[in-house]
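These are my notebook entries on a structure I looked up. I record strand pairing, the surface and the cysteines in turn.

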Amino acid sequence: KTPAETNKPTVEYLRKQYKRHYQGALVQVGASLIMWLFVFAAFISDLISQHHFVGVSIAVIYLIGINPPTLWVFKRIQDQDRLIGFSTFISFLEIMGYTAVIYFMGGIDATYLTILYAAVIAYVGSVSKRRHTFLITGICIAAYNGMILMEGTGLIPWQKVFPDFHLPFSHRLARMLTVDGLLLVVAYITSYTALLLRKTKGDLLAAYDVLEKRVAEGTKKYRLLVENQTDMIVKLDLAGRFLFVSPSYCTMFGKKEEELIGQNLLPIVHKEDQERTARKMKQLFQPPFSVYIEQRALTKDGWKWLGWMNTAILDDNGNVIEFIGVGRDITGNKQAEKEKIEAQRTAIEHENYALVGRIAGKMAHDFNNILGIIMGNTELALLDCKEEETRKTLELVFEQTIRGKNLTKNLVAFA
């Protein structure tokens with residue numbers, strides 16, 4: 001059962017009921033003062049006489065004056081039935097005040113002011129059950145009919161605004177019955193509309209409960225996915241401060257989530273990579289609103305290479321409001337890439353050495369052929385040479401060709 005269906009309402013329910021009546025009292029005071037100002041304007045414009053103005057003023061003072069004591073009593077009621085009964089009593093007091101206003105403004109001539117009854121009925125119908133709405137309507141009808149009948153029978157004086165105007169009793173009776181019927185229509189429409197609104201509210205609350213349950217389940221699945229994700233997930237504001245960090249990120253850097261939230265990203269990035277990272281982050285403000293960044297970061301295990309796929313989050317106006325980053329440790333990839341480059345460099349060097357060797361071998365072969373011819377002819381010349389000076393020169397040439405052949409042997413060995 002809801003608090004309204006029990007005789008022991010909760011403290012929260014009592015607080016809400018008091019707050020509703022307190023707000024209603026403020027509205028009633030404001031409306032009464034505005035009504036009095038219009039009556040005052042009519043009085044100084046000679047549209048109504050002094051006794052009309054004085055009577056309405058007394059009624060307005062009464063309407064305002066009943067609020068402090070009724071609120072004082074209302075705040076101290078702890079029983080459900082008494083709460084409903086006293087609310088009805090408050091409505092009765094207000095209806096008597098509005099009836100006095102209608103009476104002093106001309107009674108049957110002030111039929112237009114029965115809108116005050118309609119306002120009370122509409123308010124009660126929007127917050128109460130149907131039977132209570134028709135109860136208040138019955139009080140309004142009884143008060144209005146009683147006033148008209150007492151005027152017609154002379155029990156109370158008729159407060160005519162226009163003394164020369166006389167409305168036959170049958171016409172007054174017709175007006176009275178018309179007002180009664182209209183008030184009943186207002187009560188029916190208000191109570192039926194309130195019933196539909198309460199039903200709609202119930203449907204919306206049920207739908208909200210279902211939606212809340214689904215959101216909770218989705219959140220649980222999302223958190224389970226994030227918490228068991230090996231890739232790191234972070235959310236940053238526009239200044240680069242952490243709004244969210246996944247458990248895998250906390251594990252990587254050996255810190256707790258509360259230690260990281262609100263901290264800036266750049267201080268943990270290697271100094272040589274900070275400028276490039278900041279420059280890349282600026283690209284997130286332009287289509288396609290995503291960018292891949294590789295950077296070195298100081299983790300709990302030292303400097304590591306991290307690869308981040310960053311995406312900007314846009315609001316309904318297309319403005320960037322946050323960043324989402326998904327990253328992973330690419331240190332192993334970077335090491336493999338470095339080793340691959342070293343292997344390629346070594347292979348190129350070996351290829352260059354092989355080329356130099358082939359060239360050196362060919363040069364040594366050609367040079368050795370030339371030296372062989374020179375050496376052979378020098379030996380033949382020495383056999384036939386009789387002159388001492390020429391013989392010394394030929395011997396010198398022969399010695400140098402021997403040295404040249406030794407040089408070509410070393411060149412062949414190098415090749």
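Entry 1, strand pairing. I began with Leu236 and found that it stands opposite Phe323 in E5. I note that the model is a predicted one. Leu236 led me to the pairing of strand E1 (residues 232-236) with strand E5 (residues 320-329), which is antiparallel and spans five bridges.

I then looked up strand E4 (residues 302-314), which also runs antiparallel to E5 and is joined to it by nine bridges. As one example, I recorded Thr311, whose bridge partner in E5 is Ile324. E4 and E5 make a hairpin, with five residues separating the two strands. In the turn I noted Gly318, which has a positive phi of about 85°.

Entry 2, surface. Which residues form a nonpolar patch on the surface? I listed Phe134, Leu184, Val185, Tyr188, Ile189, Tyr192, Leu195 and Leu196, which together have about 710 Å² of accessible area. Helix H7 (residues 169-227) supplies the largest share of this patch, seven residues.

I took Tyr188, which lies in helix H7, for a closer look. Its relative accessibility is 46%, so I entered Tyr188 as partly exposed; that class runs between 20% and 50%.

Entry 3, cysteines. Are Cys140 and Cys250 buried or exposed? I entered Cys140 as buried because its relative accessibility is 0%. Cys250 also counts as buried, because its relative accessibility is 11% and the cut-off for buried is under 20%. How many disulfides does a search of the whole structure find? I recorded zero disulfides for the whole structure.

Methods: Residues are numbered from 1 along each chain as its sequence is written. This is a predicted model: local features need pLDDT of at least 70, side-chain atom pairs count only at pLDDT 80 or more; totals for chains, interfaces and linings use all residues. Side-chain values use heavy atoms; hydrogens and water are left out. A disulfide is a pair of cysteine sulfur atoms within 2.5 Å. Buried means under 20% relative accessible area, exposed over 50%, partly exposed in between (1.4 Å probe, protein chains only). Patches are made of residues with over 30% relative accessible area and no salt bridge: like charges are joined within 9 Å, nonpolar side chains (Val, Leu, Ile, Met, Phe, Trp, Tyr) within 5 Å. Accessible areas come from the Shrake-Rupley method with a 1.4 Å probe; for residues, only the protein chains shown count as cover. A salt bridge is a side-chain nitrogen of Lys or Arg within 4 Å of a carboxyl oxygen of Asp or Glu. Helices (H or I, at least four residues) and strands (E, at least two) are DSSP runs, numbered from the N terminus. Two strands pair if DSSP finds at least two bridges between them.
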